[in-house]
Each structure stands twice: as C-alpha cells, then as structure tokens.
Amino acid sequence: MQRSVDLLLHGDFVGAFKMYPAVYPIVLLLLFLISNLFLKLKFAHQIKFFLMLVTAGTIIVSYILKMNSLFN
C-alpha cells in the first residue's frame, strides 16, 4: 500500500491501481471522513457505510485475484 500511495503522489495513477487496487476507495473514504468532521451531511452514516463496503470488497476481490494468479 505504501508503494501505491507513493505512485499516486507522483502522478502514476495506473501504476498505483496496479500495485494496490483498493487505494482509490481508501482515499475516497479518508477524504469523506475528514470532510465529515467539518461538514455535517444528512446521510453521512449511509455514505460512510457504503464507502467502507466498497473498500472492503475491493480489498477482498483484489486479494482473491492475486492469490488465484499465484497458485494457478
């Protein structure tokens, strides 16, 4: 994940995604959580829950795909 964030900060967006596909949902979740400290949204709980599900799903799917390519 650290290399993915480094690639992201250096502008290599495709490389960051290839290194760790969950970097974008994690960034979106962090941005939302930080902005929610200052702006109180009506559906903040539902948005946070959805972003957490997307992040967890992306992590799980990318892990399964990587393990599948390693052992097959």
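**A walk from surface patch to core**

Start with helix α3, residues 23-38, which supplies the largest share of a nonpolar patch: five residues. Keep in mind as you look around that this is a predicted model. The patch itself lies on the surface, covers about 930 Å², and is made by Leu30, Leu33, Ile34, Leu37, Phe38, Leu39, Leu41, Phe43 and Ile47. Look at the numbering of those names and a helix rule comes in handy. An α-helix has 3.6 residues a turn, so residues three or four places apart point the same way.

Let's pick out one member of the patch. Leucine 33 sits in helix α3. Because its relative accessibility is 33%, leucine 33 counts as partly exposed.

Now slide back along α3 to proline 25, which also belongs to this helix. Is proline 25 buried or exposed? With a relative accessible area of 12%, proline 25 is buried, since the cut-off for that word is under 20%. What does proline 25 touch, once you set aside its neighbours within four places in sequence? The answer is Val54, Thr55 and Thr58. There's also methionine 52: 27 residues separate it from proline 25 along the chain, yet their C-alpha atoms are 8.2 Å apart.

Those contacts lead us over to helix α4, which runs through residues 44-71. This helix has 28 residues and reaches 41 Å from its first C-alpha to its last, close to the 40 Å expected at 1.5 Å a residue. Within α4, the buried residues are Ala44, Leu51, Thr55 and Ser62. And what do they pack against? That would be α3.

Thr55 is a handy stepping stone, as it turns up again beside isoleucine 26. Leaving out neighbours within four places in sequence, isoleucine 26 is in contact with Met1, Tyr20 and Thr55. Isoleucine 26 is also part of the largest nonpolar core, a group of six residues that it shares with Leu8, Ala16, Tyr20, Ala22 and Val23.

For a last stop, head to helix α1, residues 2-9, and find serine 4 there. Serine 4 counts as buried because its relative accessibility is 0%. Apart from neighbours within four places in sequence, serine 4 is in contact with Ala16, Met19, Tyr20 and Val23. Ala16, Tyr20 and Val23 are names you have already met, as they are among the residues of the largest nonpolar core.

Definitions and conventions:
Residues numbered from 1 in each chain as written. Predicted model: local features only at pLDDT ≥ 70, side-chain atom pairs only at ≥ 80, totals over all residues. Heavy atoms only, no water. Core = buried A, V, L, I, M, F, W, Y, C linked by side-chain atoms within 4.5 Å. Buried < 20%, exposed > 50% of the residue type's maximum accessible area, 1.4 Å probe, protein only. Contact = heavy atoms within 4.5 Å. Patch = residues over 30% accessible without salt bridge, like charges linked within 9 Å, V, L, I, M, F, W, Y side chains within 5 Å. Areas by Shrake-Rupley, 256 points an atom, 1.4 Å probe, with all protein chains shown as cover. Salt bridge = Lys/Arg side-chain N within 4 Å of Asp/Glu carboxyl O. Helix = DSSP H or I, 4+ residues; strand = E, 2+ residues; numbered from the N terminus. Expected span 1.5 Å × (residues − 1).
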